[in-house]
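I sat down today to look up the salt bridges in this one. Here are my notes, in case they help you find your way around.

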Amino acid sequence: LFSKPSYLVDKNLESVVKFIVRKFPAIETRNNNQQLTQLQKEKSEILKNLSLYYFTFVDVMEFKDNVSELLNTIDACQVFFDVTVNFDLTKNYLDLVVTYTTLMMLLSRIEERKAIIGLYNYAHEMTHGASDREYPRLGQMIVDYENPLKKMMEEFVPHGKSLSDALISLQMVYPRRNLSADQWRNAQLLSLISAPSTMLNPAQSDTVSMPCEYLSLDCMEKWIVFGFVLCHAVLNTDPAALSLWKLALQSSTCLCLFRDEVFHIHKACEDLYNKRLNDIKECKEQALSGTMHRERRKFLRSALKELATVLSDQPGLLGPKALFVFMALSFARDEIIWLLRHADNIQKKSTDDFIDKHVAELIFYMEELRAHIRKYGPVMQRYYVQYLSGFDAVILNELVQNLSVCPEDESIIMSSFVNTMTSLSVKQVEDGDMFDFRGMRLDWFRLQAYTSVSKASLGIADHRELGKMMNTIIFHTKMVDSLVEMLVETSDISIFCFYSRAFEKMFQQCLELPSQSRHSISFPLLCTHFMSCTHELCPEEVRPRNQCLSLCNMFLDEMAKQARNLITDICTEQCTLSDQLLPKHCAKTISQAVNKKSKKLTGKKGEPEREKPGVESMRKNRLLVTNLDKLHTALSELCFSINYVPNMVVWEHTFTPREYLTSHLEIRFTKSIVGMTMYNQATQEIAKPSELLTSVRSYMTVLQSIENYVQIDITRVFNNVLLQQTQHLDSHGEPTITSLYTNWYLETLLRQVSNGHIAYFPAMKAFVNLPTENELTFNAEEYSDISEMRSLSELLGPYGMKFLSESLMWHISSQVAELKKLVVDNVEVLNQMRTSFDKPEQMAALFKKLSCTVLKRMTIIGVILSFRSLAQEALRDVLSFHIPFLVSSVEDFKDHIPRETDMKVAMNVYELSSAAGLPCEIDPALVVALSSQKSENISPEEEYKIACLLMVFVAVSMPTLASNVMSQYSPAIEGHCNNIHCLAKAVNQIAAALFTIHKGSIEDRLKEFLAVSLASSSLLKIGQETDKMTTRNRESVYLLLDMIVQESPFLTMDLLESCFPYVLLRNAYHAVYKQSISSSA
């Protein structure tokens, strides 16, 4: 009804609608043809689309007619109403009156009611030639109920006696339920431990009927307010009625009509009762204070907590004390709904009484009690089956026997009650039999109707004890077969679905208050109530369903985000503490210790002494709370909430709170790892791998501790995140630490090596900065020594190191492609030199025709391969530590490959070995990279020839190195400052890869390179040179031959001896060491 039809906002029908509303309920179709022309065009569509709205109004009218008829019948029968005796009959009678009243008030609030009914009727008349048969009565009803309360006050004059009697029977119930928190506290209400001696005694209601004890306060206030509006005359004659009415007006300022539609009590009463304005204003002031309700909520929080704690320890008490549980749920539900309704509808400057940051705690304890009832339902069934058969049946039988008059029909019903209860046994519970007492409860309802009329032979008014006993029995039957329905009746707060803004605000307030965050799970759990907010007559309604799912998802997501943020803050603190333990920070401490020993005073006077790591753990006072303490406390509180339930079902959707946390931790851990690299693309700065590893381990330690709070598999988080970091891009397409470090080492460190600013020192197994005019912004040794490379291997893992290797090989393949172009450009000269190595004059002439940049590119290749060997060695060390048995198996497999093994099989073994960081005779990654180079219009034979000539080109170019100042060999670093010592690795690896691809003999080609005097004869020729500039570093270059042989698995020293006298090598070593000593001196 509240969704506006499209015709009411159609511009073409605007004038028609205004005309119909102005003339309503009269119909004038003859004299207004021009205005109704547009309506004539769309009459069929209007009939079709407005029929649902129209007939809904007709249903309301028929409901009104039936209610009027039923009320007249009740008056004629002079039915006796007393909520403490014939509870079901009185409750349903008062509910009927309230439902009728609220329906007619809602009808009057639909602004478009006249337009919808009139538009439909005009379309009906144009189509069928006559008005709808229900229209005259319906139109009159709409007019009559313009002011529904006044109209109903007139209607209810004949029904005043019955209604007032039913309302006045609440004087024993409502005032007992509407007590202050202090009165509850003094009476020790809901406490199981206040009287230990009576703890096992069944809870009873001494003064009123048992169902009255958990009757909703909100429901009673509706009965009283609307009831006394309709029979207001009794307020002037009966003090009890006036007392009830005032008490209700002091309790609330507004009542719920339907969902979020409310009725403002005092405003309506002021309009209706001019003579009682002072009383109404006085009541309104008390209602607006909200203090009483605030104190009640405070009491209920502690009472429900105590109740839930005791029952969790002793669930057997749910049997005798079930009434207390449902009373507690009902009381708490009433206070929560009161707060929600008033917080959203009270326009008051000071709203402190209508804001409760602790409401989540109350909802949480309600959920705990609900969970206990659902979990221990069989315990309660067992107790009450015995209670019904062993006590209730006996007492009822005695009451029936003592009745002075008992007509036959009533006697049959009573006997059936006794027989039904007597037949119950505990075995039925143990066997899992289904109980159904709905027939028995319906019979009792009929019996109440029979015995409440004035002419009844057996009048229930004269047998109140029978009524109270039967009400108690009905409660006991509900404990056996209707626990779920009882939970809905006493603790359903699905009305939150229609106050989504207030609901979200309460949730945010709960998260902001650290002491309440442990109860935040109560908001998603509350969403499970929303399934009961739709009506069975309108099951297709989807708005509550969609809203409920989105709210539940939002709550769980926010909780997980909050926990993630706390964990991130803790990780940051722990990373800071771990950073203090890094070796770089100990230099100052060592310096101070040395100076203290030598009694040297350094630094400024009064300079504060640097705190040592661990100082933060020294507590002088237990009350001292650090930021880390606060974070851990807040996290433990929130994690309690996330871990409270494994999953929850909302509208056939299962939500798992822990999965939300896991998902958020994965995303944040991924971002944090990448963030901790501190990579700056502009300045090319990046964190050292060892420092990043320390931070990541600190982060992981904190995340592992989360398992102490929440039952989540943090190992799964590590596997998902860290495995993604070993790839080029993560699952979101973002760069990983593998791609960042690969780019940095290739584009920053190795590029500076090519530029001559950094050299590879074999003795240190690291790249080291060379003294240059422009100092580099980083120290290469701090990124490439063995500890840093091991840290890099730990971080990237075998997959990441493989990606690094592939990227290095791509750069090598591009250099080899350029080398091949140089060979092609000089192919004729190289062919002649290959056959003229024994003709010095011709070789010298031919060499002048060559373009000698080949060694520079080969050196770059050697540098890249040297870096890769460092990376592979570090990977081997790391894997040997983590998986020693697997690595030793792979190593054993590699070492025992027979020489005659097929090359494809051997390459598969080499690939496995390379993945484990083991060195191989033939580098499989290099073979794959060079195999991918496809040259068009060049046959395989030509490719092989180019590969052979490339080795010739390198061999004949080596003497030129002697003239370079930087080619001097340094014994301290076991290499040359211009990195030519890397040529040894380049020559061996490139030769092995190329001749594996072209299926040539690697040994033969390397022998040609060395033994057939291409390299050796070229170098021996330097000894005959007289030019000092040309031969300045002759001895240093001689050592390259030894390095090539030492590096090669295919060459031997006896082969070198056959073509290059060892005495020359020995003299060369002697000379360079002697020169090194003199330079140092």
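**Salt bridge notes**

I began with a pair in the interior: Arg 341 and Asp 218 are both buried. This is a predicted model, so I read the distances below as features of that model. Arg 341 makes a salt bridge to Asp 218, with 3.2 Å between the closest N and O atoms. Since Arg 341 belongs to helix 18 (residues 322-345) and Asp 218 to helix 12 (residues 217-230), the pair ties together parts 123 residues apart in sequence.

Next I turned to Glu 794, which forms a salt bridge with Arg 697; their closest N and O atoms are 3.5 Å apart. Here helix 36 (residues 786-825) supplies Glu 794 and helix 32 (residues 689-705) supplies Arg 697, a link between distant parts of the chain, 97 residues apart. I checked accessibility too: Glu 794 is partly exposed at 28%, and Arg 697 is partly exposed at 44%.

My third stop was Glu 1047, whose side chain meets that of Lys 985 in a salt bridge of 2.8 Å, N to O. Glu 1047 sits in helix 47 (residues 1034-1047) and Lys 985 in helix 44 (residues 983-997), so this pair ties together parts 62 residues apart in sequence. Which of these two is buried, and which partly exposed? Lys 985, at 15% relative accessibility, counts as buried because the cut-off is under 20%. Glu 1047, at 34%, counts as partly exposed.

I also noted a network of salt bridges that links Asp 65, Arg 133, Glu 134 and Arg 137. For the tally, my search of the whole structure gave 45 salt bridges.

Note on methods:
Residues numbered from 1 in each chain as written. Predicted model: local features only at pLDDT ≥ 70, side-chain atom pairs only at ≥ 80, totals over all residues. Heavy atoms only, no water. Salt bridge = Lys/Arg side-chain N within 4 Å of Asp/Glu carboxyl O. Helix = DSSP H or I, 4+ residues; strand = E, 2+ residues; numbered from the N terminus. Buried < 20%, exposed > 50% of the residue type's maximum accessible area, 1.4 Å probe, protein only.
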